[in-house]
Amino acid sequence: MAAETKEFKPKILVFACNWCSYAGADNAGVNRMQYPPDIRVIRTMCSGRVNPGHILEAFRMGADGVLWSGCHFGDCHYIFGNYEAEKNYKKLVAMLKLLGVDERRFRLEWVSAAEGNKWAALIKEFVADIKAAGPSPHKMNGSRMSQPQPLPIVE
Amino acid sequence: MAEATFQKTLSLTNAFRCLECGKCTAVCPISRYNGTYSPRRIVGRLISENPANVALDPNVWTCLTCGLCNARCPSDVKYSAMTKVLRREAFRLHNDPSCSHGGALQAMMRIHATSNQPQDRMGWVTGDLKIAEKGEWGYFVGCLPYFDALFSDLESNTLAIAKSVVKVLNVLGIEPVVMKDERCCGHDLLWGGDIENFKLLAERNVKMIRATGVKKVLTACPECYRTLAVDYPEVVGPLGFQMVYITELLADVSAQLEKKLGEIKKTVSFQDPCRLGRHMGIYDSPRRMINLIPGVQFNEMTKRGPGAICCGTSAWQNCDATSKRIQTDRLLGAYNVGAEMLVTSCPKCYVHFKCALQGESIPEDKKVEVKDLIVLLAEALNSK
Amino acid sequence: MMDAGRHPLIDVFTLSEVIGLEGRPGNYQATVRTAPRYVDLDLCTGCGQCSDACPIAVPNEFDIGLGTRKAIYSPFPQAVPNAYTLDFDNCLNDVILACERCRKACDINAIKYDDYPKEFTIPVGSVIVATGTGVYTPYQKGDYGYGIYPNVMTGLEYERMLNASGPTNGKIIRPSDGRTPKKVAFIQCIGARCALEGGEYCSRFCCLNSAKCALLTKDHEPDVDEVSIHYIDMRAFGKGYDEFYRRTQAEPWIKYVRGKPSKILEDPETRNLILYTEDQATGKPQKRDADLVILASAGMPNREVTTQLAKILGIETDEYGFFVSRQSSTQALEATRDGIYLCGCSRGPEDIPDSVAQASGAAALAAKHLADHRIERIKEDIPQVDTSGPPRIGVFVCNCGINIAGVLDVKKLAEQAAKLPNVVWVQSDLFTCSDQAQRVIQERIVEHKLNRIIAAACTPRTHEPIFRETIRLVGLNPYLFEMVNIRDQCSWVHAHEPEAAMERATDQIRMAVARSARLEPLEAKELKVNPSAVVIGGGLAGMRAATDLALQGFPVTLIEKTERLGGRSRELNVTFPEEYDAETLFNEAYERLKQSGARVLTGTEVIGVDGFVGGFTVKTDTNGDVKAGAIIMAIGSDIYNPVGEYGYGMTKGVITNMQLEAQLKQGEVELDGESVKTAAFVQCVGSRDPETNPGCSRYCCATTVKQALALRKRGINVIVFYRDMRTFSHHAEESYREARRAGVVFVRYNDDRKPEIIGENKVTGIRAYTEAIDDIVEADVDLVVLAVGLSPYKEAYAKLKEIMKVPTGPDGFFMERHPKLGPVETNTEGIFVCGCAQGPKDLTDSVAQASGAAGKAATLLANETVLLDPTTCAVSFDLCRDCGTCVAICDFHAPERVAIGGGLFAAKINEALCKGCGTCAAMCPTGAIKARHFTDNQISSMMRVFLLGSEA
Amino acid sequence: MDKGVLVIGGGVAGIQAALDLAAARVKTYLVEKAPSLGGRMAQLDKTFPTMDCSI
């Protein structure tokens, strides 16, 4: 038997829009398509709801990967919400590049309600990518101060 | 917060000397538009109440820490310093400010504080810009690359400031040392109460600068300037290098610079950044730089110098309708003295004004151009 | 589907047939017979344990026999009702040795072997026939080797294979050897457009369906090298269809081959197929090989079944078995007996948008018999649970039979949940969605003063409404319910990794608990509905919409800009295909309008609209304000002006088809008093052209056929230059055949080589290149008729777009809410669109759509109030910077810049317009916009719990 | 039983007609021969031209 190795369990956050991607994920379930369980999903009504702060905060808090998913162009339940998501995505890609975040860790993908197979394949691929990228180097610094601090006062 | 510590703070900031004259509230740019906010009342509460109560008040985050009240206070109450301390307590108690852009910038700063990942931030250094590995002068760029990424839709091009700094320095024969893994100075975290992450940033940056061996570090950002020059020594001890604001250096060599400047025919006015002016006492050198450019007509705004009004937002938090009104007033203030362009020498003032120009608050025909001082100088160099 | 199964006013009878209809319109008695299901509909939860236990496997009808199902089964995963059915013919209990495995497997005793057929009568005012259509089975004739060669299959079989939940899980395989095909060939018009087999009519949906399947083929199997589509004419007539067709044409691996193969032979060794076709470049016969052939079968009713039903209902069918309309131009949705209406494919093949529009139309027509029998909304009085205190969360974890419990340790999940902050009650149930468990939830809310409920079960997309209703009934605000999907997105997809699945379920429950504590009660706003409507546009579509609404008892005002009603129809001579006199048609429609009681304002223009759904004020230039709860836009379309094309406007003898129609109406077709010998038609002038109108104008091919026949009757020779003959409408294909028989010559020209007009000042001839002979055809003609397309009224549309806040699409026509499922609604609630304003179409489709708009408007007007979903966005004026971002990005025009005093402005979101997507909240620079139910705080609490392990 | 409209066929058209009638407060009886609703559209994978899912 192989020696027991400590397996890397990535923390992957997924934002999925209610109408297409979340439904696509349900569709994968209905069809019992298997994919790795390393993701945690947050449902929003539209991919446009997710703002740059959410994504950067996720990385700040040590997420190993963030997947953002919405409807294909033209399918958005709110007409153009996914176009706004893409605008923010482009800004974030630029921000994360500056921060030195491995580009594999952040993706924006379009998955429709019928694309259970695409969803399952996407999660498989993304989890494999994150595993290859390894644990996030962005370790979270503890929480808020619990002790009174000495107070430098300068003016 | 331990009671004793807090009492000490009040004493150090002269809070007990408050005469309740109300001058602070009278000059406060926030109180001017937001009648519910009064620095005087907060000082009063701090003296009489449990500090935790005050720290839980959302108004802890309202202050711009621009220091106008300090300047007017007959008793020398250091209100903004007190606010800084109070915010540490607020932060600890989970009384959070409302962060602009969904907190994207704060997240970025905290990643800077804790991540060991090397950044990829040198993309702006184009071939025509000469920078060095070693030397006497260092240049602390600040968060400009990040502003460009996040504010792409403002078309603000804040990186032009960094490019202009290097261009101007190159003209003077200086090839500055630029650090490829420089981190956020932590100004906003410090003024946002997150002292722990601020300390991490201070330690990292100072260690990095020391490792380059530079003697003097230039910056074109008043916030970086104040933070490194004044706040860092408080947490890391003596820096081991000297902080110099860009216009101070340029004013010293203005004779050399003047010969190389071409003409720019513009009527301009100047926005005193609060960190540069009231916090650090630099009023003169930026004005000398503006006046150096041939063709520029410099019209001062009515509120200027030590009495200048702040750009309306600080530390990417609590940006709101009041902020916008302050900015609108500033921009119209420039227009009213006949300026076509409002020059500032702080990247954040610049971004805030760029943002304020959006929308319909200011009529199109009254919208002035906004430009950073160094960018203007570099343009004058180019036009020769 | 789910909604229909749940609606209190809809009784669904499955496994049922109508066997009798007595009485008169408004007072029919329908007799229905229900076959036994052998499973109790009320008890069955659809857990599937019975099916797992069943030893019998039979071919699955839903997958056209490509897959198998058990003798006790649910046809497809999202079936409504979500109950199983026992197929007694295949069940072992029919024989002496009782099997009873399913009965024993069922935990709730839902299986009843002694179920029996039931007959009952229902009082009905009217009947809608929406029986759809079957498909032509190429079996009977063995066409192209179907049923003989294993690798020849029908489109529907292929469709099931492409479906991820289908028999092959979305894999494309050759039935002969299970291999992925390299070359797939589609053959169009199987059983359609053919007098020998199937029907003569066009089946409407197949062209685009094959294009879609072709595109999907590569998505599913990237290794496929080539997909060829063998067709006669590409009939991409719907809105956006031509653009879609062009998209598929641009794919290098999709090949469109004109002409049906003469025959197909199979290579017995490889089982590959050889298609005998024509090489378009040389005009010589050629052989093409394919390893999979898909026959695009036409829609075709089961004639026995439909004639039987027609007999029961007392209505007529045509020779194919489709139900016959009373009159096909303007009464297409009416069957030949009063009070019986048709929609969808029951009257002929339709695509989805037309079916949906017709369904709403049939609803409008059927409802007029029941205008006095609307069901009152029951007012409830439920005391509200006080939710102001600290959160008290109840967590209910579902086993879902073994669907969840088979993978996850439900008991442990419950135990863990009990330790989470704010959780005061936890329990697990076999089926949390069962009536019994729902009652328990209600009891626990009262007993433990719970003010937040979480169900860890299946997907909120189907079950959230059920739970919300449950807690609402005991006075707990429905928005304090949160759902964790530990089935569809956990136990089902991580069945092989139960431990990791457990971790995921644990995290997702913790995240839900954190979010739940931050949920806020939301109150749905109720807006009063003014039960009257305004119809803008007095063409036949507008007249029809106004008539149908007025007949349902709603006050209607029809506003027409010009002085006369009837619009474009007044310029027509006769309609196609039945050559009904247009003047008579108008007079009949006008008579109906008058009798309906609708108010008509002619010579009146709409200059502004205020308000929103339920309470609009329509401002007019001459007649003051008109109040209305709903508005229907039926302003029609302009006709393309071909000035400069084909010498139009410069060369004598070049006219438009509308000008020809006017001459036909006068009687004689002449040119300067001289008779015409030969006329040529040029199709697609201002249609299917990305520069003018990217789409098909839908009416022109059939109109040309009609006019060509009229010219032939006058002894004039006719040549038609076309790209694809799109005679898809009812009986138009038959007329097309008739025209060819009558000697009309049809010449196809290429998209990039338009015909040329010969003659300086007066037309003398026309020439065009045609692939059919790979040469130029030249003819002497003295009249050229340009079949001009329909285009938007530029100014009127721009103005109306501004006034109504309804966007126009890339083609310039008004955009519908959803291209398929919402063809007559717009994105602005309470505003509907029909006829050519939504896109070019012929008279039949315009008028049917007008009824559809009336039907949709009635769903609003029949209610005293309209409830607004409260999960909208709201702006805090204190934080708003008046930057204008939200105003600029919202396609629903919900945010508006408003003065807030002191010379200041801020954005304000109109809750009646906001759809709650939350995009503005994400784009707002200062955080001034709160997306209710998806606030930053709620989202970030979930992130913190997952990533930091605590809410800190 | 309340007097209503009889809708024969539980495919996309029948369901749409039933939903519209019910929303207009008209009692509707939806009769379907098969064990479940959905008809032809439930069999489709995606629909043109937007390629979204069919149910």
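A residue is termed buried under 20% relative accessible area, exposed over 50% and partly exposed in between, with a 1.4 Å probe and protein chains only. The structure is a predicted model, in which local features need pLDDT of at least 70 and side-chain atom pairs count only at pLDDT 80 or more, while totals for chains, interfaces and linings use all residues. Residues are numbered from 1 along each chain as its sequence is written, chains are lettered from A and ligands numbered from 1 in the order in which they are written, and side-chain values use heavy atoms, with hydrogens and water left out.

Salt bridges are considered first. The criterion is a side-chain nitrogen of Lys or Arg within 4 Å of a carboxyl oxygen of Asp or Glu. Over all chains, 95 salt bridges satisfy this rule. In chain B, Arg45(B) is paired with Asp57(B), with 2.7 Å between the closest N and O atoms. This pair links distant parts of the chain, 12 residues apart: Arg45(B) lies in helix α4 (residues 39-48) of chain B, and Asp57(B) in the loop between α5 (51-55) and α6 (68-72) of chain B. Helices (H or I, at least four residues) and strands (E, at least two) are DSSP runs, numbered from the N terminus. The partners fall into separate accessibility classes: Arg45(B) is partly exposed at a relative accessible area of 22%, whereas Asp57(B) is buried at 17%.

In chain C, Arg193(C) and Asp233(C) form a salt bridge whose closest N and O atoms are 2.9 Å apart. The two residues, 40 residues apart, connect distant parts of the chain, with Arg193(C) in the loop between β10 (183-190) and α5 (206-220) of chain C and Asp233(C) in the loop between β11 (226-231) and α6 (241-249) of chain C. Both Arg193(C) and Asp233(C) are buried.

A further salt bridge, between Lys856(C) and Asp20(D), has an N to O distance of 2.6 Å. This pair crosses between chains, from helix α20 (residues 843-861) of chain C, which holds Lys856(C), to helix α1 (residues 12-23) of chain D, which holds Asp20(D). Lys856(C) is buried, with a relative accessible area of 10%, and Asp20(D) is likewise buried, at 3% relative accessibility. Shared partners join Arg193(C), Asp233(C), Arg235(C), Asp242(C), Arg258(C), Arg688(C), Asp724(C), Arg726(C) and Glu733(C) into one network of salt bridges.

The interface of chain D and chain C was examined next. Contact, defined as heavy atoms within 4.5 Å, relates 50 residues of chain D to 89 residues of chain C. The buried area between these chains is about 6,100 Å², of which carbon and sulfur atoms give 66%; buried area is the accessible area (1.4 Å probe) that two parts lose on being put together, summed over both. The interface holds 3 salt bridges, one of which joins Arg25(D) to Glu376(C) at 3.8 Å between the closest N and O atoms. In addition, 26 residue pairs are in polar contact across this interface, both residues being at pLDDT 80 or more. A polar contact is a pair of N or O atoms within 3.5 Å; within protein, one must be able to donate a hydrogen and the other to accept it, and residues adjacent in sequence count only if both atoms are side-chain atoms.

On the side of chain D that touches chain C, two or more residues each come from β1, α1, β2 (28-31) and β3 (46-47) of chain D. The largest share, 12 residues, is given by α1(D). Chain D itself has 1 helix and 4 strands, arranged from the N terminus on as β-α-β-β-β. Of its 55 residues, 84% count as buried.

Helix α7 (residues 303-313) of chain C contains the buried residues Thr306(C), Leu309(C), Ala310(C), Ile312(C) and Leu313(C). Viewed down the axis of α7(C), the buried residues fall within an arc of 160 degrees, so they line one face of the helix; the arc is that of the directions from the helix axis to the C-beta atoms. Glu304(C) and Lys311(C), on the other side of α7(C), are exposed. The buried residues of α7(C) pack against β2 (16-24), β8 (118-129) and β17 (340-342) of chain C, together with β1 (4-8) of chain D. Just after α7(C), Gly314(C) adopts a positive phi of about 75 degrees.

Finally, Asn205(B) is located in helix α12 (residues 195-212) of chain B and is buried, with a relative accessible area of 0%. The side chain of Asn205(B) reaches the backbone oxygen of Cys184(B) at 3.1 Å.
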